[in-house]
Amino acid sequence: MDKGDLVPDFTLLDHKGQERSLAEFTATGPVVVFFYPAAMTPGCTMESCHFRDLAAEFAELGAQRVGISADAVDRQREFAEANGFDYPLLSDPDGVVAAVFGVRRKVPLPGPLSALRTRRWTFVIGADRRVLEVVKSETRMEVHADLALEALRSA
């Protein structure tokens with residue numbers, strides 16, 4: 001997915017085991033979908049907590065936040081409860097949605113990182129399901145929420 005692309009609708013289970021769709025989220029305004037490699041890891045916790053901590057700023061812009069990883073629903077629930085997340089975490093265990101967005105690695109990382117099949121990318125999506133911005137940074141976890149807010153403010 002690139003800036004300007006139309007995102008196809010998708011449905012995944014959230015951390016509570018409920019089906020959630022992109023159409024549901026965009027029905028009320030823009031949505032920021034951030035993909036992260038693995039729940040309960042230091043970098044992903046930092047990134048996800050930053051999205052949590054900026055809840056008021058996203059709300060002022062009418063935007064929802066949604067995290068997606070390959071983690072199972074139970075792991076997502078544990079992650080959400082441990083960190084008090086006020087937004088849904090979606091489970092994409094087979095990487096189907098990650099592949100649509102182009103964030104699924106075709107070749108695993110070497111060594112102990114081989115299980116991390118999802119890239120850390122963020123997509124700012126308008127209510128019309130068009131991509132407004134893409135944030136690509138695997139190592140600078142703190143920039144995803146900040147750059148998503150910038151994109152929403154300038155949209």
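Here is a chat between two people about how the labels on this predicted model were assigned.

Colleague: Before we start, what are the ground rules for this model?

Modeller: It's a predicted model, so local features need pLDDT of at least 70, side-chain atom pairs count only at pLDDT 80 or more, and totals for chains, interfaces and linings use all residues. Residues are numbered from 1 along each chain as its sequence is written, and side-chain values use heavy atoms, with hydrogens and water left out.

Colleague: What makes β6 and β7 a pair of strands?

Modeller: Strands are DSSP runs of E, at least two residues, and helices are runs of H or I, at least four residues, both numbered from the N terminus. Two strands pair if DSSP finds at least two bridges between them. Five bridges join β6 (residues 121-125) to β7 (residues 131-136), so they pass the pairing rule. The two run antiparallel, and W121 stands opposite K136 in β7.

Colleague: Why is K136 said to lie over the face of W121?

Modeller: For a Lys, NZ has to be within 6 Å of the ring centre and within 35 degrees of the ring normal (for Arg, the atom is CZ). K136 lies over the face of W121 at 4.5 Å from the ring centre.

Colleague: What is odd about R129?

Modeller: R129 has a positive phi of about 70° although it is not a glycine. Most residues other than glycine have a negative phi. R129 is in the turn of the hairpin formed by β6 and β7, which has five residues between the strands.

Colleague: And why is R129 called partly exposed?

Modeller: Buried means under 20% relative accessible area, exposed over 50%, and partly exposed in between, with a 1.4 Å probe and protein chains only. R129 has 23% relative accessibility, so it counts as partly exposed. M40, in the loop between β3 and α2, also gets the partly exposed label, at 32%. Phi of M40 is near 70°, again a positive value in a residue other than glycine.

Colleague: Why is the pair of F34 and Y87 called edge-to-face?

Modeller: Rings of Phe, Tyr and Trp (its six-membered ring) pair if their centres lie within 6.5 Å; planes under 30 degrees apart count as stacked, over 60 as edge-to-face and the rest as tilted. The structure holds twelve such aromatic pairs. F34 and Y87 have ring centres 5.7 Å apart and planes at 70°, so that's edge-to-face. F34 lies in strand β3 and Y87 in the loop between α4 (73-83) and β5 (89-91), so the pair ties together parts that are 53 residues apart in sequence. Both residues are buried.

Colleague: What makes F51 and F58 stacked?

Modeller: Their ring centres are 5.8 Å apart and their planes sit at 25°, so the pair is stacked. F51 and F58 are both buried. One aromatic cluster takes in F34, Y36, F51, F58, F79, F85 and Y87.

Colleague: How do you know that the length of α6 makes sense?

Modeller: The expected span is 1.5 Å times one less than the number of residues. For the twelve residues of α6 (residues 143-154) that gives 16 Å, and the end C-alpha atoms are 16 Å apart, so it agrees.

Colleague: Why are β2 and β7 called edge strands?

Modeller: The open sheet of seven strands runs β2-β1-β5-β4-β3-β6-β7, with mixed pairing. β2 (19-21) and β7 each have a single partner strand, so one side of each is left without a neighbour in the sheet.
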